[in-house]
Each structure stands twice: as C-alpha cells, then as structure tokens.
Amino acid sequence: METGGSSESPAEPKRGRSRAPKKAAESLLKQKSPAEFFAENKNIAGFDNPGKSLYTTVRELVENSLDSAESISELPVVEITIEEIGKSKFNSMIGLIDRERVDAALYDDYETAKERERRLAKEARAQEIQAKNAASGKKVKEQSAGKGMKGRGEGSFYRVTCKDNGKGMPHDDIPNMFGRVLSGTKYGLKQTRGKFGLGAKMALIWSKMSTGLPIEISSSMKGQTYMTFCRLDIDIHRNVPHVHVHEKRKNDNKWHGAEIQVVIEGNWTTYRSKILHYMRQMAVITPYAQFLFRFISETSDKNVTIKFARRTEVMPPVPLETKHHPSSVDILLIKRLIAETSKQNLLQFLQHEFVNIGKSHAERLIGEMGSEFSAKMPVKSLTDQQIVRIHQLFRQAKFDDPTGDCLSPAGEYNLRLGIIKELHPDMVATYSGSAQVFEGHPFIVEAGVSVGGKDVKQGLNIFRFANRIPLLFEQGADVVTRTALKRINWGTYKINQTQDKIGVFVSIVSTKIPFKGTGKEYIGDDIKEIATAVKSAIQQCCNQLKSKIIKKLQAREQQERKRNIGRYIPDASAAIYDVLQAMTQLHASKKRRYNEEDTDLVSKVASRSITTATLKEKLSEHVARVDYEMALEYATQSGVSEEPREDVYIQALEPAAADAKKFLDFHSPAFVFRLVC
C-alpha cells in the first residue's frame with residue numbers, strides 16, 4: 001500500500017466530486033394582492049373590453065356621487081363629462097413623440113394591394129345591397145368597419161370627469177379610499193348601490209393598465225375652508241396607493257362634494273347607446289336628482305349635451321345599517337361576529353348581535369343548545385364545535401321575519417314621476433309592495449307599467465333596477481323579463497303585447513340582492529319569493545290600467561255611437577219634416593182633425609217656425625242627452641267608490657313667496673284651488 005499523499009481513504013470524498021450542501025427548496029406558493037386579482041380578472045367588475053370599461057367607469061362614478069349626496073340629505077347635482085382624446089394629444093400627455101411608420105408590414109392593420117382590392121370590392125357590393133334594401137323599404141343594417149379600421153394599437157382614449165355636491169371625503173382618507181382595493185365605507189349590512197365595493201378603484205386600475213396615467217381627486221366637506229387635491233395611482237402588486245400630490249387648496253366658493261377625473265381607454269362609438277340609456281334610466285329612478293351629461297368630441301358636430309332636470313324634491317330615506325338575521329348567517333360570519341363583539345357572555349351576544357332575538361327567546365335557544373352552554377358563559381370561549389351547534393340551531397329554529405325598515409325604496413311617487421318625466425306615456429300605473437323575506441334578508445319590490453309614450457318601441461320595453469341602479473345587460477335570464485314575457489297575460493288587461501307601447505319598470509331593493517353570474521347584471525328566475533313578488537306587483541299595475549283602458553274604450557265607443565247616429569240625423573230630420581208637411585196639408589184641407597197639441601205643431605210647421613234645421617238641432621241635442629244619461633246610469637250602477645283615484649302632489653309655495661303675494665283660496669270637498677294675485 002502506497003504511503004504517498006495522493007492516496008485517499010475510502011471514507012474521504014473523491015476530488016472533483018465535492019458539492020456544496022443543497023439549499024432548502026424555495027416555496028412554490030405565491031400570493032396575489034386584491035388589486036392584482038381584479039386587474040387579472042377585470043371582467044368580474046364589468047371591465048370586459050374598452051367600451052364596457054368606459055360604461056362601467058361612468059356608472060361607478062355616478063352612483064358614488066348619488067350615495068354621497070344622499071348621505072347628507074342633499075338633492076344630488078351630478079355633472080358627468082366624457083372628453084375624447086386623440087392619439088397626438090394623448091402622446092403629448094404621456095411625453096411621447098409621434099413617429100411615422102417605418103415598416104408598414106409590421107402593423108396589424110397592414111394590408112397588401114390584393115387584400116385592399118378585395119376589401120373595396122366587398123364594401124362596394126355591401127353598399128349596393130344596402131341601396132337596394134333602402135329603395136325597397138327594408139331595414140338597412142349599418143356596415144361594419146373593415147380591416148383598415150381594425151388596428152389594435154389605435155386605441156381611443158377618454159378623460160372622464162364626474163363632479164357632485166355630496167358629502168366629500170376626509171383629507172387623510174382619500175389615498176386609501178382610491179388606492180387600496182377592498183377598503184371602503186359600504187361593507188356593513190345595509191342596502192347599497194355598489195355591486196363589489198370597488199367604486200372608482202377599478203377605474204383607477206383600468207387607467208393604470210390602459211394609459212398609465214394617475215387619477216385626480218378634488219374634494220371638500222361641508223364647512224371646510226379648504227379643498228383637498230390629490231393625484232395618485234395604485235401599486236397593484238402591493239395594493240397600496242402611490243401618491244403624487246396630496247395637498248390642501250383654497251376653497252373660496254365654499255363648495256362641498258367631490259370631482260374625480262380619470263383618463264382611460266374606451267370605445268364611445270359602440271357603447272354610446274348604453275351610456276345614454278343608463279343616464280335616462282337613472283333619471284327615471286332618481287327624479288329628485290339633476291344630471292348634466294356631456295360628451296366632447298374632437299369634431300364639434302359629434303358633441304352631445306343632455307340635461308336631465310329634477311322633477312321633485314322628495315327624496316327617499318337614507319338606508320339604515322341593520323344586524324344579521326339568525327337564518328342568514330354562516331359559520332364564518334358567526335366567528336367574525338364573536339371576534340368583533342363587545343359583549344361578554346353568550347346571552348348578551350345573541351340579544352345584541354342579531355335581529356329578532358329578545359332576552360326570553362335567547363334563553364330558550366341557549367337551553368336548547370345543550371348542557372355545555374350557559375347564558376353567562378364567555379362568548380369568546382366558544383369552541384368550533386359549539387359554534388357549529390349554534391349555526392345548526394339557527395338554521396332549524398323559528399324566528400320572526402326581519403322588517404323592511406332598514407330599506408330605502410324609490411317610492412311609488414318618485415317612480416311615477418320618473419316614468420312621466422322621461423317617457424311621457426299616455427297612462428301609467430305604479431305599485432309598491434310590502435317588505436318580504438328571502439334567506440333572512442328583507443326585500444321590497446316596486447313596479448310601474450306605462451302605455452304609450454315618447455321614444456318607446458312597440459311591444460314590451462323592460463326596465464330593471466336593483467337597489468335603485470339600472471341593470472342593462474343579460475336581460476333575457478332576469479326574473480323581471482321572464483315574468484313579463486311568460487307569466488303575465490296582457491290580453492286579460494286589455495293590453496296588446498305586440499302592438500301597444502308597453503313600459504314595464506321593476507325595482508328591487510334589499511340588503512342582499514341575489515345576483516347571478518360573475519358580472520352581477522341580472523337576478524335569477526329560480527328564487528320563488530322574488531318571482532312571486534315581481535309577478536304580483538306587475539299584476540297590481542295592470543289592474544289599475546285595466547280600469548283606465550276600459551273607461552277609455554267606453555268613451556271611444558260612446559263617441560263612435562254618437563258619430564254613427566249623427567250620420568242619420570239629416571235623413572231622419574228630412575223624413576220627419578216631410579211627414580209634418582203632409583199633416584199640415586191634411587189639416588188645411590180639413591180632411592183630418594188633430595188634438596190641440598198636434599194642431600199647435602202643425603201650425604208651427606205651416607208658419608215655418610219649425611224647419612228641417614230645427615229638427616236636426618233638436619235631434620242632435622236629444623242624442624247627446626240620452627248618451628249622457630246612459631253614461632251617468634252606468635257610473636251610478638258601477639259605483640263611484642270603485643273609480644280608481646290618483647294622488648296629486650302640488651308643491652307648496654315657499655314661505656317668503658306666500659307672504660309676498662296675495663292669494664284667494666276656493667274650497668271644495670275635493671280640493672282647494674289657490675289663485676295667486
């Protein structure tokens with residue numbers, strides 16, 4: 001055995017094969033912030049494409065403005081402006097210099113000479129077909145844009161500005177209110193307009209994804225001598241605001257409210273009708289608000305300005321936050337309530353954290369839970385098994401239904417005014433139902449049905465509202481649509497479903513709207529309680545309209561009957577006059593004698609006191625009198641009390657105006673007529 005240094009013992013590792021000790025494998029688990037999740041799944045919040053993103057941005061800003069004004073009982077004044085930004089202007093905003101294309105074939109909208117020739121030939125054929133259809137009176141479809149108009153890189157950009165007279169926002173809270181997803185003031189159990197609680201945060205995320213530009217907020221609260229200005233964007237990966245400017249400025253005009261400005265990619269052309277339809281429906285459901293909508297285009301002939309004036313000053317009450325109903329909670333919610341409660345024992349917890357559980361009811365529930373439960377046991381000491389037992393008992397026990405006191409429906413008066421203001425129908429009926437319950441959550445259904453009107457298509461025109469916001473998408477699967485189309489026999493109510501212009505308005509308010517689908521754009525038809533309430537509300541409106549329609553038909557029949565009888569009056573008058581003349585001749589020749597009354601009539605005919613014109617006039621008066629007496633007899637038999645009555649609301653004079661002007665009051669059992677001098 002060699003004793004040289006080159007020899008290695010078997011236990012020693014061989015040279016050249018030595019390796020560093022292995023590091024522990026890094027964890028493959030990754031986390032996403034809420035902002036990052038919604039950025040990757042923006043379709044959930046209604047940001048499917050540029051066009052719908054523009055619509056959703058407008059909707060979120062308008063609804064935030066309404067909530068803000070209503071929270072301080074201020075009549076809302078909302079101004080929404082969409083300003084089109086051309087490519088050159090947008091590039092200058094972000095500091096880019098316009099460049100001419102060097103390699104045209106590199107671009108998506110590039111087409112060869114043959115492709116261009118084929119496209120032009122196809123467009124020419126389409127125009128020829130359109131011209132033939134127009135000449136024959138057929139409906140002409142708009143021609144879709146060709147490949148030359150495609151250009152994914154040629155996006156359209158818009159500056160969306162929304163200004164209101166609402167509550168405003170605290171200076172220090174603004175960065176987190178806009179730059180931190182899933183932080184806000186609307187997460188209690190109450191009726192809210194929002195669907196996800198994202199508000200303008202999602203508009204900021206879309207702005208960062210499509211333009212990279214920050215959002216600008218100006219805000220001032222009532223009584224503040226300053227106005228807050230904040231420019232910020234969001235760190236999507238960390239879900240924290242990135243503030244550029246946050247300062248206080250002078251507020252000499254003592255303005256209160258908020259003004260939000262964001263630049264996003266959008267598509268006004270394809271979603272113009274949806275945005276205007278949304279504004280119109282919002283004016284229907286909130287007639288106490290004033291909206292000013294403006295679209296400013298690069299070409300002035302495409303500008304749009306629409307003002308939706310306020311029709312009433314009657315506002316619905318502010319929705320109240322309420323406690324959970326025992327039948328609506330799950331195990332996780334019970335655990336959260338236990339963690340957040342300030343109550344010490346189980347009895348107090350049941351009494352004060354849930355609705356419709358009084359002291360005696362809570363004691364009975366605790367006795368039913370088992371021997372390991374007691375009224376004085378600390379609520380924080382409940383085990384997971386005990387919490388499951390409480391949840392099981394909540395699902396099985398009987399509780400009174402929650403009341404609808406916490407809800408804020410639009411109101412029958414406001415709904416009627418909104419329909420009249422925007423549609424100008426020939427007749428309208430409204431109905432507001434009482435509070436009902438679905439899975440422990442109260443809900444109220446209001447409905448309106450109109451016939452006739454301006455800009456209303458023939459057939460059924462369905463308008464859906466959830467928590468006083470319009471629902472414009474996925475209408476076919478909605479409970480309102482299916483009920484109006486399949487469960488209402490319109491012919492029974494003297495309404496022609498295909499030829500009449502019918503407007504069906506249904507508004508549902510609740511502490512929890514049971515939306516279906518990720519976009520939360522419709523309410524499913526599988527919820528029996530809501531489907532029954534919707535059908536009943538529409539039927540109530542139809543019954544009101546039926547009596548009006550019948551009276552209208554009767555009046556029309558009366559006019560038709562008078563017209564038909566009137567056609568025979570000239571001939572009947574001439575025939576009667578001929579008979580009277582013959583009687584006069586017989587009387588003059590003494591061939592026939594008449595009594596005193598007939599002799600007087602014959603003498604008047606002989607002296608021309610009675611002529612054909614006189615008979616025609618008397619017959620017309622007789623027909624009118626008989627027709628009136630028949631109508632009066634019908635009304636008496638039907639009963640005056642059955643006649644539908646409508647409440648008429650007249651705005652009172654302001655105290656100052658009443659004192660400054662003289663007026664006379666004319667009183668009657670039904671009304672007071674005030675004549676202002």
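# A tour of helices, rings and cysteines

In this structure, the buried residues of helix α10 pack against two neighbours, α9 (346-353) and α11 (384-396). Keep in mind that you are looking at a predicted model. Below, we start with that helix, then move on to a capped helix, some aromatic rings, one busy asparagine and the cysteines.

**Helix α10 and its two sides**

- Helix α10 covers residues 359-369, and its buried residues are H361, A362, L365, I366 and M369.
- Looking down the axis of α10, you would find these buried residues within an arc of 135°, so they line one face of the helix.
- Turn to the other side of α10 and you meet the exposed residues S360, R364, G367 and E368.
- Just after α10 comes G370, which takes a positive phi of about 130°.

**Helix α13 and its cap**

- Helix α13 spans residues 479-487, and V479, V480, T481, T483 and A484 are buried there.
- The N-terminal end of α13 is capped by D478, whose side chain places an oxygen 2.8 Å from the backbone nitrogen of V480.

**Aromatic rings that pair up**

- How many aromatic pairs does the structure hold? There are twelve of them.
- One pair is F90 and F157: the ring centres are 3.9 Å apart and the planes are at 5°, so this pair is stacked, given that planes under 30 degrees apart count as stacked.
- F90 belongs to helix α3 (residues 87-94) and F157 to strand β2 (residues 156-163), so their pairing ties together parts that are 67 residues apart in sequence.
- Both partners are buried: F90 has a relative accessibility of 7%, and F157 has a relative accessible area of 10%.
- Another pair is Y271 and F473, with ring centres 6.3 Å apart and planes at 40°, so this pair is tilted.
- Y271 sits in helix α7 (residues 268-285), while F473 sits in the loop between β13 (469-471) and α13, so the pair ties together parts that are 202 residues apart in sequence.
- Y271 and F473 are both buried.
- These two residues also belong to a cluster, in which ring pairs link Y55, Y271, Y278 and F473.

**Charges over rings**

- Which residue lies over the face of W255? It is K163, at 5.5 Å from the ring centre.
- Y226 has a partner of this kind too: the charged end of K248 sits over its ring, 4.5 Å from the centre.

**A closer look at N165**

- You can find N165 in the loop between β2 and α5 (174-179).
- Is N165 buried or exposed? With a relative accessibility of 14%, N165 counts as buried, because the cut-off is under 20%.
- The side chain of N165 reaches the backbone nitrogen of V77 at 2.9 Å.
- Leaving aside residues up to four places away in sequence, N165 touches A69, I72, E74, L75, P76, V77, H256 and G257.

**Cysteines and the search for disulfides**

- A disulfide is a covalent bond between the sulfur atoms of two cysteines.
- How many disulfides does a search of the whole structure find? The result is zero.
- Why does C542 not bond with C541? The sulfur of C541 is the closest cysteine sulfur to that of C542, but the two are 6.8 Å apart, which is too far for a bond because a disulfide needs the sulfur atoms within 2.5 Å.
- C542 is buried, with a relative accessible area of 0%.
- C162 also counts as buried, at 2% relative accessibility.

Notes:
Residues numbered from 1 in each chain as written. Predicted model: local features only at pLDDT ≥ 70, side-chain atom pairs only at ≥ 80, totals over all residues. Heavy atoms only, no water. Buried < 20%, exposed > 50% of the residue type's maximum accessible area, 1.4 Å probe, protein only. Helix = DSSP H or I, 4+ residues; strand = E, 2+ residues; numbered from the N terminus. Arc of directions from axis to C-beta. Contact = heavy atoms within 4.5 Å. Polar contact = N/O pair within 3.5 Å; in protein donor to acceptor, adjacent residues only side chain to side chain. Phe/Tyr/Trp six-rings, centres within 6.5 Å; stacked < 30°, edge-to-face > 60°. Lys NZ or Arg CZ within 6 Å of the ring centre and 35° of its normal.
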